[in-house]
Amino acid sequence: MTAELGAFALILAFCLSATQAGAAFAARIRRDRTLAGCAEGAALAAFVAIGLGFAALIWAFVTSDFSVINVAQNSHTEKPLIYKIAGAWGSHEGSILLWCFALSGYGAALALARRLPFGLKTLAVGVQGSLGVLFIGYMVFASNPLMRLTDPPVEGRSLNPLLQDPALAAHPPFLYAGYVGLSVVFSLALAGLLEGRVDSAWARWVRPWTLAAWGLLTVGITLGSYWAYYELGWGGWWFWDPVENASLMPWLMATALLHSAIVTEKRGALAAWTSFLAIGAFTLSMLGAFLVRSGVLTSVHAFAVDPKRGTILLAVLALTAGTGFALFAWRAPLLKDRAVFAPVSRESALVVNNIVLAAVTCAVLTGTLWPLMLEAFGRQGGVGPPYYDLVVGPLFALALLILPAGPLLAWKRGDGLATLRRLWPAAALAAGAGLITYAVVEPKRAIGVIGVGLGLWLVTGVVTEAAERINLGRIPLAASAKRITAVPRGGWGMSFAHAGLGLFVMGAAFQSGWKLEADAVLGLGQGLNLGAYHLRLDRVGEGPGPNYDSERASIAVTDAAGRLVCQARPERRTYDVGGETTSKVALCPHGLDDLYVVIGDRRARGAGSAWLVRSYLNPWIRLVFLGPILMALGGALSLSDRRLRFAVGRRMAAPTPKMAPAE
Amino acid sequence: MSAQKLICLLGAVLCLAAAGDPADRLPNPALEGRARALFQETRCLVCQGESIDDSEAPLAADLRRVIRERIAAGASDGQVRAFLTARYGEYVLFRPRFSWRNSVLWTAPFLVALTGLVMLAARRRRPGEDEPALSAEEESRLAALQSTGDTLAPELGSKNAPGLTER
């Protein structure tokens, strides 16, 4: 019964979204506030309805109601509760429902937003409603997650062990909240273009939504990458796989948007470009969803192609993006770009950031779609990691080189020389660290040396800028300390994000430059050397799991001095059904490094039993995951600043203590 | 993440790097290093989006053996690639060659960057009247506004944009 109620709620949500769109557009044309209120009410109701549908699906998963097709195909009674719940968004239908849930959630948030002017808000609510009609319509009519089976099975089909992982359970909600958060930005861009109002105020309204979406996307991508790292057993954390690229492209666009929106907000410049990015970012979100969900690109993550749904999704994508870009082409030339700025200025620095991010997005997009483009010409082919490394690396290096100067430059006309003087210690420190790295670390690897230098350059640049912000050394120390909490939080958000990027760059460069791998077929008591570490296979225990047999090795890892670093316990599981095997990686975190141990197949049986043992030393890899977390934290910090500033901006109702002068 | 995708991932996990099978390695580490680098650039034709370095498929193992043999026999990287493309077509290369047919792939990102930089430079040369600086009266109004806390002052500013708390 709950499934039927849920299905009904989804259809209701579809109708409510249509009402939302219709009422909002009518309200804008007739300037009717009652109708606008009606549209906002419909947006809230649509969210509640989708929420009910989602709850019904989760309930079906929790109670293992196998008469629902989706549950029968994607769940199993023996799954732990948390993974039953996560199973609700594990399938195609479920993930589309999650997408729609987020979409209507953002629609409701938009409806509740207070400070937007009538025209802009009403149109944005209308566009958001139209998106709801398209996506909820697709879900209800082509991919309904609550369909029943006439002949329900006793047991569900899926007990996939790879699915049962905390990082993977949390990965889709974050990722989708990020993807779909960009829909609000898209709606506001379309509304702004229609109203002919893409100015400083507009950029200010767009910024918090972009920040939220960007932060969630950052967390989602990092979780996915971490999962691939410890679950796939290849020792790597990014594979330039189409599915990964699909999530990276909107992130790159959102990052560009965050920066260009600053220029639009502070200086009224780049209005057209900012609105273009706003439309582009959500387009790439949808493209990502289409690429992943249609299976049009084969990848490591590939799954069965479903051409009918793929076509519908493509139509939704084409309609949405087509409308967005057509509107842009029509209205953007009317936008006035007043501001003038010198070649050395903060504007220029931010523009270069945007150019690089656009070029990187172009590289990722071209590389991802290259197989399709070739196919159109009857050729076959595709690109792999070497292409991306070669193209993306140099482009990013350019952006990183100028990054620390950006926040120190003045708007309009910056003093390049003075900025360089201020950054001199930071540059010297970074270059020195690079040189030391070059001299000390063997073998010599350019990427590692350059990465350490650039990453440290970012971090020291951030420290320089932060020290200036609190007037360190120029005023008494206590006063400087006071300024830490007194200066706007957005600045600290930026510092966090840039420092996080620096840490990430250092980690990524160090890991790809100096990762070590060693493997050998080992008998009990035998060992192998991995850099300065020694691994000794102590024993291999066999034992049955719930539905698999496992071989669990115990490997002692000792450092050069012979001290025990850790006892690694990698596992190899053979499943009863189908005889498939999976590996459970053993991770030994050691400072910033990871020792990564995998046990392979058994090479000899009986008295001389031997196993293939593979091991990787991933130096500084922790920074690869810590950096993005710091970036997301920076986003959250910046967002909290926004809220405060909004509260103050409300016609100076009551100056909050935070915003009052420090003295 | 769909269940199907995960099943395929499970399949991928089965193809755990077999290039590391110690028995097959070339004794000379320099040659082995070159062979590994080539493995990473060579597509496993029967797998999906994997290099032969990552794959446990028999074809990948064959290709690894063939490449190792050629390297051991003194072939250059270029000769090995030429051999592979002659036998399997350019599809086998993960890093497409620099050729006019691949020009879009290699140049598009840099063209985007170049266009952007040219536009930025052109903007500078455009004759436009500079915005007049703030008058003394405007300056004082700005300062008054900022001291009350209702401000549009850039939060990023440190030097040029007096923050909320500056005196």
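**Notes on helix packing and a sheet in chain A**

1. A good place to start is a helix pair: helix H9 (residues 242-267) of chain A and helix H10 (residues 271-294) of chain A have axes that come within 8 Å and cross at roughly 165°. At that angle, H9(A) is roughly antiparallel to H10(A), and the crossing of the two is left-handed. Do keep in mind as you read on that this is a predicted model.

2. What is the contact of H9(A) with H10(A) made of? Its residues divide into 18 nonpolar and 7 polar, with no charged residue among them.

3. Now for another pair, with another geometry. Helix H5 (residues 92-112) of chain A and helix H7 (residues 166-195) of chain A cross at roughly 45°, and their axes come within 9 Å. That angle makes H5(A) oblique to H7(A). The crossing in which H5(A) passes H7(A) is right-handed.

4. If you would like to look at this contact residue by residue, H5(A) contributes Ser95(A), Leu98(A), Trp99(A), Ala102(A), Leu103(A), Tyr106(A) and Leu110(A). On the H7(A) side they meet residues including Pro172(A), Pro173(A), Tyr176(A), Val180(A) and Val184(A). By type, the residues of the contact of H5(A) with H7(A) divide into 12 nonpolar, 4 polar and no charged.

5. Thr122(A) deserves a moment too. This residue lies in helix H6 (residues 118-142) of chain A. Is Thr122(A) buried or exposed? Thr122(A) counts as buried, because 29 C-beta neighbours fall inside 10 Å, where 20 or more are needed. Leaving aside neighbours within four places in sequence, Thr122(A) is in contact with Ala24(A), Ala27(A), Arg28(A), Ala36(A) and Ala39(A). Gln73(A), by contrast, is 49 residues from Thr122(A) in sequence and 41 Å away in space, C-alpha to C-alpha.

6. On to the sheet. Chain A has an open sheet of 4 strands in the order S1-S10-S9-S8, with antiparallel pairing. Why do strand S1 (516-523) and strand S8 (586-590) of chain A each have one side without a neighbour in the sheet? Both stand at the edges with a single partner strand each, so one side of each is left free of a neighbour there. On average, neighbouring strands of this sheet are turned by 20° against each other, direction ignored.

7. Finally, a closer look at one of those pairings: S1(A) is joined by 8 bridges to strand S10 (residues 610-618) of chain A, and the two run antiparallel. To find your bearings there, take Leu522(A), whose bridge partner in S10(A) is Trp611(A).

Technical notes
Residues numbered from 1 in each chain as written. Chains lettered and ligands numbered in written order. Predicted model: local features only at pLDDT ≥ 70, side-chain atom pairs only at ≥ 80, totals over all residues. Pairing = 2+ DSSP bridges. Axes fitted to C-alpha atoms, helices over the stretch in contact; angles between N-to-C directions. Parallel < 35°, antiparallel > 145°, perpendicular 65-115°, else oblique. Left-handed = near helix turned anticlockwise from the far one by under 90°. Nonpolar A, V, L, I, M, F, W, Y, C, P; charged D, E, K, R; others polar. Contact = placed C-beta atoms within 7 Å. Buried ≥ 20, exposed ≤ 12 C-beta atoms within 10 Å, placed from the backbone.
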